[in-house]
Structure formats: structure tokens, C-alpha cells
Amino acid sequence: MLRPADLDALAGWYREHARDLPWRHPDFDAWGTLVSEIMLQQTQVARVRVAIEAWLERWPTPAALADAPTHEVLRQWGTLGYPRRALRLQDAARAIVERHGGVVPRDVDALLALPGIGDYTARAVAVFHFGDRHPVVDTNVRRVVARAVHGQGEQGPAARRDLADVEALLPGDAADAGVLSIALMELGALVCTARAPRCDACPIADACAWRAAGYPAYEGRRAPRQARFAGSDRQARGTVLRALRGLDGPIAEAEAAGLWPDAAQLERALASLAADGLVVREDGSVRLPH
DNA sequence: AAGGCGTGGCT
DNA sequence: TAGCCAAGCCT
């Protein structure tokens, strides 16, 4: 159980050890916060750190991104991965312009209604930028709570009840609740890590149920393992997009055949990329969307 | 609700 | 090294 004294210890630890990240600076506006959170969906902090500045310099407002050519958006996204996020980010920018006058909304339900924004990202913006009181639940928070509160070594697959689970831990004051959320995330990222947790450096080690139980091995359900990447359709998609990003114009489909050894798999990749709106197939060639 | 979806770093 | 993991979202 986390007592008020433990929450204080956590907050104190955060003040002392928090990384100096661009999106934590006070001059970071709501749009910058939203963009950073989208980029951080399954992409490491170190890589987002490098990419965020140029992105915001180029498109400093939702209106600016809404008006950009989509092929340039995909090029600027570069190798951050999961390029559908770039399309949805532009769609979100357009929705912000149309529905909210170009101003990033503060309301969680309005944020959730934007493409590419789910439970985590919506509340991250509402809490970390606007300072409202909501549970912010990412994989780090789920892991720390699984260990410290529930005595489990791993968090298991994400579930709808995670939100209510963390809500129950939050102090009543919005500012205190926000510090707890960001501190839980930072603790999970730096100390209470998935592999080789550094319990000797943990500010709440004395309160940790997992530690108290002697670090029992995890017996619960796990998320299914990812399919192997090498030779996958995903790799084929990535190869096609990488080639298109490096060119100004289209690639003839006959030429595209040279990008991937398995013709049937390449065709699946092209079809799914087109279905996602990441490429356009016309006149026997493939290109990025305008 | 289980699986698809990039890319790179770490062990 | 092969697999795990990373501030998830969508269907």
C-alpha cells in the first residue's frame, strides 16, 4: 500500500532525479505536448528527443500541420516508426482546426475524439499541460503499480480497469495527482524497469509489496509475443516506405519489385499501405500521398 | 480482445 | 544472438 509518506518520497525523488526533457519545459505549449506524446507512443525517449524540435519548428501550430503536404509529413516523421501515427497526427491537426478553432482542447473527451489519441495520450495532455486531475496510465505506471501495490512482478496486458485502478491511488489535489503520475512514469523508466530493476535506488522500496513478498516470479497472463520482424509483412512495408521517403517522385511498380524478394508479400505490403493511406497506387506506380 | 503495426537499442 | 522492450492505438 502506498501511504501519503510514500507519495511524498516519490515526489521528492522526482524533483531530484527527473530528466530534463524538452516537453517538460514550461514554454512547451499544448500542441507541442500533444505532438511529443504521439511520438512517444512506442518510440523511445532518446529518439523523440532528437526529432521533436525540428518538427515543431516546421509546424508550430495545428493549423500549420493541417496545411502541410502529407508526403512531407511522412518524410519529416522519418524513421520514428509506426508511420500511421504521422497520418493520424495530421488528421488530428485538421480536426483541431475544424472543431476547436485551431486550439488544442483541454477536455479529455474532446481529446479522445481526435484520431490517434487514446486513453494514455488524452490524459497525458490534460494532466501534463493543462494541470487537470486524471489518472495517466502508461506501461511504466502499470508496472510500478503492479509491483509496489499488487506484489506482482509484471503488469500483464493492458486492461480497461487500469484507469480506475490508478485513479484510486491519486491524491485529491490536481497538482499533487499530476506529480504522482509523472513520478510513477519516471520511476518506471529509470528505476523500476522491466528488466533488472534498481531497487536499491527506489524511493518506495520499503513500501513495495513485490519486494516484501520476496520478488515472486510472475505467474499471470502476458501480452502475446510479437511476431518475428525479419521477413515479415511489416518489414516489407517499412522497406517500401523508406524507399519512397528517399525519392522525390513515384516508383514504378515494376521497379518496386526490386525492393523485396517475395512478390506476393510485396503485393500484400503495397495493398495494406494503400489501404492505410500511406501510399497511393496509380498509373502503374506507387507514391507517397500528396 | 487479440493481433497488426516500425525501428532501434540492449542483453 | 535472438528476443525483449519501448510515454499505445485501432479494429
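Here is a short walk through a protein model with a DNA strand beside it, starting at the DNA.

First, some ground rules: this is a predicted model, where local features need pLDDT of at least 70, side-chain atom pairs count only at pLDDT 80 or more, and totals for chains, interfaces and linings use all residues. Residues are numbered from 1 along each chain as its sequence is written, chains are lettered from A and ligands numbered from 1 in the order in which they are written, and side-chain values use heavy atoms, leaving out hydrogens and water.

Let's look at DNA strand B. There are 20 residues around it, where "near" means having a heavy atom within 4 Å. Thr43, Gln44, Pro83, Arg234 and Arg237 come nearest. On the DNA side, sugar and phosphate make up 55% of the strand's atoms that come within 4 Å of the protein.

What kinds of residues form this surface? They split into 5 nonpolar, 7 polar and 8 charged; Ala, Val, Leu, Ile, Met, Phe, Trp, Tyr, Cys and Pro count as nonpolar, Asp, Glu, Lys and Arg as charged, and the others, Gly among them, as polar. Helix H13 (residues 233-245) gives the largest share, 5 residues; helices here are DSSP runs (H or I, at least four residues), numbered from the N terminus.

Now zoom in on single atoms. In the side chain of Gln44, an N or O atom sits 2.8 Å from a base nitrogen of DNA strand B. Two arginines reach phosphate oxygens of the strand instead: a polar side-chain atom of Arg221 is 3.3 Å from one, and for Arg242 the distance is 3.5 Å.

Definitions and conventions:
A polar contact is a pair of N or O atoms within 3.5 Å; within protein, one must be able to donate a hydrogen and the other to accept it, and residues adjacent in sequence count only if both atoms are side-chain atoms. Helices (H or I, at least four residues) and strands (E, at least two) are DSSP runs, numbered from the N terminus.
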